Every structure is written in C-alpha cells, then in structure tokens.
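Q: I would like to learn how to read the charged side chains of a model, from the overall balance down to single pairs. Could we go through one case step by step?

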Amino acid sequence: MRSNDIVARLGGDEFAILILDCPFEKALQIANNIKENIRTLTYHWEGETFHLSASIGVAPKVKHNSTTDLLNAADVACGLAKSAGRNTVRLYDASQEKANNKQQDILSVHQINNALKNDQFILYKQDILPLQDNQSGHYFEILLRMKGVDGKVISPASFLPIAERYRLTSQIDTWVVSAVFAHFRQHQDQLENIYMISINLSGHSMNDHELETFIIDKVKKGGIPAHKLCFEVTETVAIANIKRAKLFIENIKKLGCSFALDDFGSGHSSYAYLKELPTEKIKIDGTIIANMMDNPLDYTTVKSICEIAKAANQEIIAEFVENEKTVDALKKLGVDFAQGYHFNRPSELR
C-alpha cells in the first residue's frame, strides 16, 4: 500500500483498507493483487500443505456517505464474496443490494457497534405460562431486536452470530440489563404483578468479570427485586468453562437472583453437568420439544429430562410449544412452564 493509504484490523480475521484518491478500476486491481498474494502463502502441518485465501469486498465512497456507510458497504460486498465461494473479489452495487434485500441478511459489525452507541436496540418479551396451575404472576423472557437503517426490526438471528464473532455480546448483554432496569424504574407499578423476568446472558459474558460486577451493582442498587430476576445461560456455554460458570452463577445468586440452564438437551453431557451447576430451572431445547409428538426418540428424551430435572429439584420450562397436543403431553410429563407461539408471539416491552 502507499504511505497515505490506511490499513486497519477490524477484529478477528477481518481487515479494511482505505485507498485514497484511487480510480475504481485501480482499486479492483489492487484487491485482486492482494487476494492472489495471500493465496501464495502456505504453511505446513503434519505432512500437509495448507493455502490461505481471502474474500474481498470493494466499495466506492459516494457523496453524502458516512464512514459507517462506507464500511458497511464494503462488509456487504465481502459477504457476497464469501457467498460466491470465497477467495474472490466482489463489488458493492447499491441498486442490486436494494433489489436483493441483502442489507438485512448480511449485517456488519459496524451496524452493531452503531446500534450499541445510539441505542438502536429494542426490548421484546414473550410470556412463559404455568402448566401445573401452581404459579401466579406474570413470567416472561426478555428478547432483543435491532433497528435497521431503514427502520425495520431485525431479528437476533441476523445480528447475534456477528456479535459473537466480534466479541460484542458482553456489550449487548450490558445494554440489555441496563435497559431492563431503566424500564422498570419508569414502570414500578408493573413489578407488583410480575413473578419472574428472565434475561439471557451470552457465552462470552460468563467470562466477563466486568459484566458480572455490573449486574451485581445493578441488583444491589435496586429497582427490580432480586427474586424476580432469572438469568438464562446456555448449557453448551456453561459446560465449556464449568468452573467459571459456576462461580459466576454463585456470585449473582447470593443476591437472590435465580438461574436457568437454557437449551438443555442440546449438549452431549447434559445429565452429568446438571448436578455441577447451581441452577434452579432448565429450559428444554426447543428443537426437541418441536418434534416430540412426531418423533418417539424426542418424546423419550423429554420424558427422561423431566425425570432427571425433578430428581435434581429443577423447575422445567419447555420452549417452542406450538399446539395444544404438545401442551397436554407436557402437562402429563410434569413440565412446569411452557413458552411458544401456541400462547403468544414476542411483543415489544412497554
């Protein structure tokens, strides 16, 4: 690169190059030269030779475009290069992207950072209903959506994988916890009829001491009674670093909060680790619940989880419940709570 060009590492394996005062055709030539030079790099391991590759997106600076717009355009083009089979160069064509509606499918890390900076996230909730008629009060899970540049609401399935890749999930969790407390500071009257508010924590958050301190500080300062807060952690993440997960859970539980083990049954050692983690609830993995009435193996899995959970004094929550037939089966198996489209769809927290 020339001395007046800028090369930056954005995070992970993603880099950006700002080429100043350069014709578009020349920029394409430079991108292809970089791709070919990277391709010549090799390394050897256990008798095999491995080649490196690069997917490159090229975007021109146009009038009125901000830095964020330019980076996003390049990131979208890079996503198209990956979709085209990788190790290729793709151009950003604004008219084509609009026609293909790629903006929502291929989000960039820059959009997520912008959403964090400018409060472009929205809190949603979905009810969790009692099945055994032994609980009163409103129980719901906090869910998250992101505002797109066009004002549309973006599903977490579109932005959370990118956030995880660039280690932004702890920042998102911090935003969510802060926003939940802010909401109920303004709506204290709603707390009276609430039994439990469930908040998801990402995998990286379990190793984030700053987030742990932040949550403890929020709970200690009040605003939401600790016994009305439940934090959900996924099973696969918890068992990846079980000592740290156990310490994280125990430190926050001391305040009176509870924990649920989410996506239970999706891992390989669910039962073995259940007795290791100090949780009070388990949420059976939704893909198992969704197929349990048509797949005898899934039904048997749910039945087995229920028996183990009861023996471990864990409350059981089933997600992805979509019909009355499944509800009846879950009641008979002793499941305590259910969540899914059969009851209601997520709605904005108001």
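Q: How many positive and negative side chains does the protein chain have, and how far apart do the centres of the two sets lie?
A: The idea is to count each set and then to compare where their centres fall. In this predicted model, the protein chain carries 39 positive and 44 negative side chains, and 3 Å separates the centres of the two sets.

Q: What is the setting in which these charges are placed?
A: One begins with the fold and its surface. The protein chain is built from 15 helices and 17 strands, and its C-alpha atoms fill a box of roughly 70 × 55 × 40 Å along the principal axes. Of its 350 residues, 43% count as buried, while the accessible surface comes to about 18500 Å², with 49% of that area belonging to carbon and sulfur atoms. Among contacts with a separation of 6 or more, 65% are between residues 24 or more positions apart.

Q: How many salt bridges does the structure hold?
A: A pair is counted when a side-chain nitrogen of Lys or Arg lies within 4 Å of a carboxyl oxygen of Asp or Glu, and by that criterion the structure holds 12 salt bridges. One of them joins the side chains of Glu141 and Lys283, with an N to O distance of 2.9 Å. Glu141 belongs to strand 9 (residues 138-147) and Lys283 to strand 14 (residues 281-284), so this pair ties together parts that are 142 residues apart in sequence.

Q: Are Glu141 and Lys283 buried or exposed?
A: Here the cut-off matters, since buried means under 20% relative accessible area. Glu141 counts as buried because its relative accessibility is 6%, and Lys283 is buried with a relative accessible area of 0%.

Q: Which residues are linked with Glu141 and Lys283 in a network of salt bridges?
A: A charged group may take part in further pairs, and these are followed from residue to residue. In this case Glu232 and Glu319 are linked with Glu141 and Lys283 in a network of salt bridges.

Q: How do the salt bridges that involve helix 9 compare, taking Glu212 and Asp217 in turn?
A: For each pair, one asks where the partner lies and how accessible the residues are. Glu212 forms a salt bridge with Arg244, their closest N and O atoms being 2.4 Å apart; Glu212 lies in helix 9 (residues 209-221) and Arg244 in helix 11 (residues 242-253), so the pair ties together parts that are 32 residues apart in sequence. Both Glu212 and Arg244 are buried. Asp217 forms a salt bridge with Lys221 at 3.3 Å between the closest N and O atoms, and both residues lie in helix 9, four residues apart, about one turn of the helix. Asp217 counts as partly exposed at 35% relative accessibility, whereas Lys221, at 66%, counts as exposed.

Note on methods: Residues numbered from 1 in each chain as written. Predicted model: local features only at pLDDT ≥ 70, side-chain atom pairs only at ≥ 80, totals over all residues. Heavy atoms only, no water. Helix = DSSP H or I, 4+ residues; strand = E, 2+ residues; numbered from the N terminus. Buried < 20%, exposed > 50% of the residue type's maximum accessible area, 1.4 Å probe, protein only. Contact = heavy atoms within 4.5 Å. Areas by Shrake-Rupley, 256 points an atom, 1.4 Å probe, with all protein chains shown as cover. Lys, Arg positive; Asp, Glu negative; His and termini not counted. Charge placed at Lys NZ, Arg CZ, Asp CG, Glu CD.
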